[in-house]
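Trainee: I am new to this structure and would be grateful for a close look at a single part of it. Could you please take one strand, describe its surroundings, and then turn to the charged pairs?

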Amino acid sequence: MAALTVWKFDTPGGAENAAKTLLDLARGNLIVIHDAAVVEWEEGRKKPETRQLNSLAGAGALGGAFWGMLFGLIFLVPLLGAAVGAAMGALSGALADVGINDTFIEQVRDQVTPGTSALFVMTSEAVLDKVREAFRDDPPALIYTNLSDEQERALVDVFGA
C-alpha cells in the first residue's frame, strides 16, 4: 500500500535536497516513489513555487492536475478570494475521500510559510532504517500522512520527530 506523506523543512531548499536523497534511495531499491512534488517558499514572496518531481517518479501516479488542484486549494485560494474559493471548495470534496480534507489543507497552509519548504511524496516499500540514516543530519517534520496511527508512530520514531 502506498502512503502519502508531507514533510516540512525549515529552509526553502530543504525539500529539494530531500528529493535528491529520496532519488538516491530509490536507485538503491530502498524505497519506491510513486509520485512527488516540492513546495519552496522564499522569504519575501507572496506565494510559494510548486512543481511535480517527474525525475523521481517518471510520469507520476497522481499527475500534474492533482498537484495543481491540491496546491491551488492550499496556497492560492486565500489569495484569490471567496468566489474562486467556493468553486475550489466544490472540487475539494473529491479529495476528502482520500484524507485530504479541510484539516489537511489548514495544517499545510499553517506550517508551510515563507522561508520553508515541503516535500509531498507517495511511497511504498521503504527500508525505514536506511531512510532514517539518510535523513539523520537534517530530519524533516511530518505534517501529514494517511498511514494508520501505528504506522505513523513507527515512521515518526524512525525520524526522531
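Mentor: A residue is called buried when its relative accessible area is under 20%, exposed when the value is over 50%, and partly exposed in between. The model before you is predicted, and strand β4 is a suitable part to examine.

Strand β4 covers residues 116-124, and 9 of its 9 residues are buried, so the strand is largely enclosed by the rest of the structure. The covering extends to both faces. On one side lie Thr116, Ala118, Phe120, Met122 and Ser124, and on the other Ser117, Leu119, Val121 and Thr123, all of them buried.

Two strands pair with β4. Strand β1, residues 3-9, is joined to β4 by 7 bridges in the antiparallel sense; within this pairing, Val6 has Phe120 as its bridge partner. Strand β2, residues 32-41, also runs antiparallel to β4, and 9 bridges connect the two. Here Trp41 is the residue that stands opposite Thr116.

From the neighbouring strands one may proceed to the charged pairs. Side chains of opposite charge can pair when their charged atoms come close. The structure holds 6 salt bridges, and three of them are described below.

One salt bridge joins Arg51 to Glu40, with 3.4 Å between the closest N and O atoms. Arg51 belongs to strand β3 (residues 49-52) and Glu40 to strand β2, so this pair ties together parts that are 11 residues apart in sequence. Glu40 has a relative accessible area of 15% and is therefore buried, whereas Arg51, at 31%, is partly exposed. The two residues also belong to a network of salt bridges that includes Glu16.

A further salt bridge links Lys8 and Asp10, whose closest N and O atoms are 4.0 Å apart. Lys8 counts as buried because its relative accessibility is 18%. Asp10, by contrast, has a relative accessible area of 65% and is exposed.

The remaining example is the salt bridge between Arg136 and Asp137, where the closest N and O atoms are 4.0 Å apart. Arg136 is exposed, with a relative accessible area of 56%. Asp137 has a relative accessibility of 72%, and because exposed means over 50%, Asp137 counts as exposed.

To return to the part with which we began: strand β4 is buried in 9 of its 9 residues, and β4 pairs in the antiparallel sense with β1 and with β2. Strand β2 also contains Glu40, whose salt bridge partner Arg51 lies in strand β3.

Conventions. Residues are numbered from 1 along each chain as its sequence is written. This is a predicted model: local features need pLDDT of at least 70, side-chain atom pairs count only at pLDDT 80 or more; totals for chains, interfaces and linings use all residues. Side-chain values use heavy atoms; hydrogens and water are left out. Buried means under 20% relative accessible area, exposed over 50%, partly exposed in between (1.4 Å probe, protein chains only). Helices (H or I, at least four residues) and strands (E, at least two) are DSSP runs, numbered from the N terminus. Two strands pair if DSSP finds at least two bridges between them. A salt bridge is a side-chain nitrogen of Lys or Arg within 4 Å of a carboxyl oxygen of Asp or Glu.
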